[in-house]
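User: Could you take a close look at the place where the ligand sits and walk me through what surrounds it?

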Amino acid sequence: MNILSPSILGADFKRLEQQISEVDRAGAQYIHLDVMDGTFVPCISFGMQVISSIRSCTDKVFDVHMMVQEPLRYLPEIVQCGADIITVHAEACTHLDYTLREIRKAGLKVGVALNPTTPILMIHDLLDCVDMVLIMTVNPGFGGQEMIPYTLNKVRALRKLCKNRGVDLDIQIDGGVTLANVRLCLEAGANIIVAGSAIYRGDAAANTRKFLKVFEEFEKK
Ligand code: DX5
Ligand code: ZN
């Protein structure tokens, strides 16, 4: 089944609770939370204190995307704030293998993210250490960018690799996803779709339902 993970980075922060419940009630399965440190990416977004306080707004899966240098430093705090999945960037971890194993040990689902130019070869030996691979379809750090087309080739190649190895892995796609290109993402092999501006520009509940409708039609074929 395909999963929608609206990114609250695109939301109106002064009414965050309402914006979360709009996508929750419209049927989104995950909530995507972008933590940025101003070092790995230029911006600073929000941290674990904010995630803790919005944890009570919804029961949906908290899908935390750490755009942070050496994220392992924050593992106890992330566990505490109620995250379900934590995704770390391969480029931000000096000891990636160790980092992924520590996250799994802490009892969270493990995701690894790859920037557009990071080859999937980097994680060929790590497929057993992760539950999800996030293929960045834009350079991380900002919402509202256009998808970089070649990144979909990585999704295709990764899906093929998983099939060949008999590994059942979630492939998440993040950046520039719109109602116009989401089908292409699903066809490429992604099954967890992050969308920020395409959800929160306009009516978030209506946009969520439109995405879920595309999923439904795709699954029928
Ligand atoms: C960007 C973040 C994304 C962002 C996506 O680096 O990781 O999750 O919110 O926003 P859109 O969907 O607008 O590209
Ligand atoms: Zn993200």
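Analyst: Happy to! Let's start with the side chain of S197, where an N or O atom is 2.5 Å from an oxygen atom of ligand 1. Please keep in mind that this is a predicted model. On its own, ligand 1 exposes 380 Å², and 99% of that is buried by the protein.

Two further polar contacts are worth finding on your screen. S7 places a polar side-chain atom 2.8 Å from an oxygen atom of ligand 1. With G176 the backbone takes part: one of its N or O atoms lies 2.8 Å from an oxygen atom of the ligand.

Stepping back to the whole shell, 19 residues surround ligand 1, and the closest are S7, G141, D174, G196 and S197. S7 and S197 are thus residues you have already met through their side-chain contacts. Sorted by class, the shell holds seven nonpolar, ten polar and two charged residues.

Now for the space itself: ligand 1 takes up the largest pocket. The elements contributing two or more residues to the shell around the ligand are β2, β3 and β8. The pocket offers about 260 Å³ of space, and its lining draws two or more residues from each of β2 (30-36), β3 (61-67) and β8 (192-195).

In total, 23 residues line this pocket, with F142, G143, G144, D174 and G175 nearest its centre. D174 is also among the residues closest to ligand 1. As for the character of the lining, ten of its residues are nonpolar, eleven are polar and two are charged.

Methods:
Residues are numbered from 1 along each chain as its sequence is written. Chains are lettered from A and ligands numbered from 1 in the order in which they are written. This is a predicted model: local features need pLDDT of at least 70, side-chain atom pairs count only at pLDDT 80 or more; totals for chains, interfaces and linings use all residues. Side-chain values use heavy atoms; hydrogens and water are left out. On a 1 Å grid over the protein atoms alone, a cavity is a set of points where a 1.4 Å probe fits but cannot get out, and a pocket is an open set with protein on both sides within 12 Å along at least five of seven lines; lining residues have an atom within 4 Å of a point. Grid points are joined across faces, edges and corners, and a volume is the space filled by probe spheres set on the points. Helices (H or I, at least four residues) and strands (E, at least two) are DSSP runs, numbered from the N terminus. Ala, Val, Leu, Ile, Met, Phe, Trp, Tyr, Cys and Pro count as nonpolar, Asp, Glu, Lys and Arg as charged, and the others, Gly among them, as polar. A residue is near a molecule or strand if one of its heavy atoms lies within 4 Å of it. A polar contact is a pair of N or O atoms within 3.5 Å; within protein, one must be able to donate a hydrogen and the other to accept it, and residues adjacent in sequence count only if both atoms are side-chain atoms. Accessible areas come from the Shrake-Rupley method with a 1.4 Å probe; for residues, only the protein chains shown count as cover. A molecule sits in a cavity or pocket if more than half of its atoms lie within 2 Å of its grid points.
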